[in-house]
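Q: I have a model open and would like to learn how to read its helix packing and its pockets. Could we go through it together?

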Amino acid sequence: MGGLRALAIGLAMFGLVATGARAQDDADQTARLALARQIIALRADDASDMTLFRAKLPYFTASIAGATRLSDAERAALPEMLEQAYRAVRVPAREQVATTYARIFTLAQLQQLLAFYQSSAGQAFLAHQQELTSEGISLQRLTDAAVLSSFMHSLEDQRRTAPR
C-alpha cells in the first residue's frame, strides 16, 4: 500500500510540475508573440506592400479572368477591388507572420531582433525596405524570364533532335 501511496504522490507532483511548466511555456509564448507583433509593426511598410501588390496584380487579374467571366465594368473595377481585398488580408497575414516568428525564434532572439530594428542600422534597413522590395521583385522577374527562356530553348532543342 505504501508503494501505491508513493506512486500517487509522485504522479500528483509530476502533474504539478507539468502544470507549472505548461504555465511557464504559455507565459513564454505570450511574451514571444508580443515581441513578434512589435517587430512586424516596425517592419510594416505600406509602400513596400503596395509595390508587392502591383507586382502581383497581373497574376491576380489573370487568375480572376480565367476563373470567371467579367463584364467590362467589372474588369475596369478589378484592380481597385483587388487592392481592397489585398489591404483587407494584410492584418490577419501580419498576425500569422507574428505567430510564425513567435514559434521559430526564442524570446532572447526576438528581443535582439527588436533591438536591431530599433537601432540606427535597423532604422536604415527599414528606411530602404521599399527599395529592397522593388529590387527583389525586379531580380525575381529576371530570374523567372531566364528560367522560361532556358526551358524554351531546351524544349526547342529536344524537339529538333527527337526522331520523327
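Q: Let's begin with α2 and α6: is their crossing right-handed or left-handed?

A: Happy to help, and please keep in mind that this is a predicted model. The crossing of α2 and α6 is right-handed.

Q: What numbers should I look at for a pair like that?

A: Two packed helices are described by the angle between their axes and by the distance between those axes. Here, helix α2 (residues 46–67) and helix α6 (residues 129–161) have axes that cross at roughly 20° and come within 8 Å. Angles under 35 degrees count as roughly parallel, and α2 and α6 are therefore roughly parallel to each other.

Q: Which residues of α2 and α6 meet?

A: From α2 you have A47, S48, T51, L52 and A55, and they meet Q129, Q130, T133, S134, I137 and R141 of α6. Sorted by class, the residues of this contact of α2 with α6 are six polar, four nonpolar and one charged.

Q: At what angle do α2 and α3 cross?

A: Their axes cross at roughly 125° and come within 10 Å. That makes α2 oblique to α3. The crossing of α2 past α3 is right-handed.

Q: And which residues of α2 and α3 meet?

A: On the α2 side they include D46, D49, F53 and F60, and on the α3 side L78, Y86, R90 and R94 are among them. By class, the contact of α2 with α3 has ten nonpolar, six charged and one polar residues.

Q: How do α4 and α5 pack?

A: Helix α4 (residues 107–118) and helix α5 (residues 120–127) have axes 4 Å apart, at an angle of about 75°. That makes α4 roughly perpendicular to α5. F116, Y117 and Q118 of α4 meet S120, A121, G122, Q123, F125 and L126 of α5. The classes in the contact of α4 with α5 are five nonpolar, four polar and no charged residues.

Q: Now the empty space: how much of it lies in the largest pocket?

A: The general idea is to roll a probe the size of a water molecule over the atoms, which shows where empty space is left. In this model the largest pocket holds about 410 Å³ of space.

Q: What lines the largest pocket?

A: Its lining has 18 residues, with R43, A44, D49, R94 and Q129 lying nearest the centre. Helices α1 (2–43), α2, α3 (72–104) and α6 each supply at least two lining residues, and α3 gives the most, with seven. By class, the lining of the largest pocket divides into nine nonpolar, six charged and three polar residues.

Conventions:
Residues are numbered from 1 along each chain as its sequence is written. This is a predicted model: local features need pLDDT of at least 70, side-chain atom pairs count only at pLDDT 80 or more; totals for chains, interfaces and linings use all residues. Side-chain values use heavy atoms; hydrogens and water are left out. Axes are lines fitted to C-alpha atoms, for helices over the stretch in contact, and angles run from 0 to 180 degrees between N-to-C directions. Angles under 35 degrees count as roughly parallel, over 145 as roughly antiparallel, 65 to 115 as roughly perpendicular and the rest as oblique. A crossing is left-handed if the near helix is turned anticlockwise from the far one by less than a right angle, and right-handed if clockwise. Contact means heavy atoms within 4.5 Å. Ala, Val, Leu, Ile, Met, Phe, Trp, Tyr, Cys and Pro count as nonpolar, Asp, Glu, Lys and Arg as charged, and the others, Gly among them, as polar. On a 1 Å grid over the protein atoms alone, a cavity is a set of points where a 1.4 Å probe fits but cannot get out, and a pocket is an open set with protein on both sides within 12 Å along at least five of seven lines; lining residues have an atom within 4 Å of a point. Grid points are joined across faces, edges and corners, and a volume is the space filled by probe spheres set on the points.
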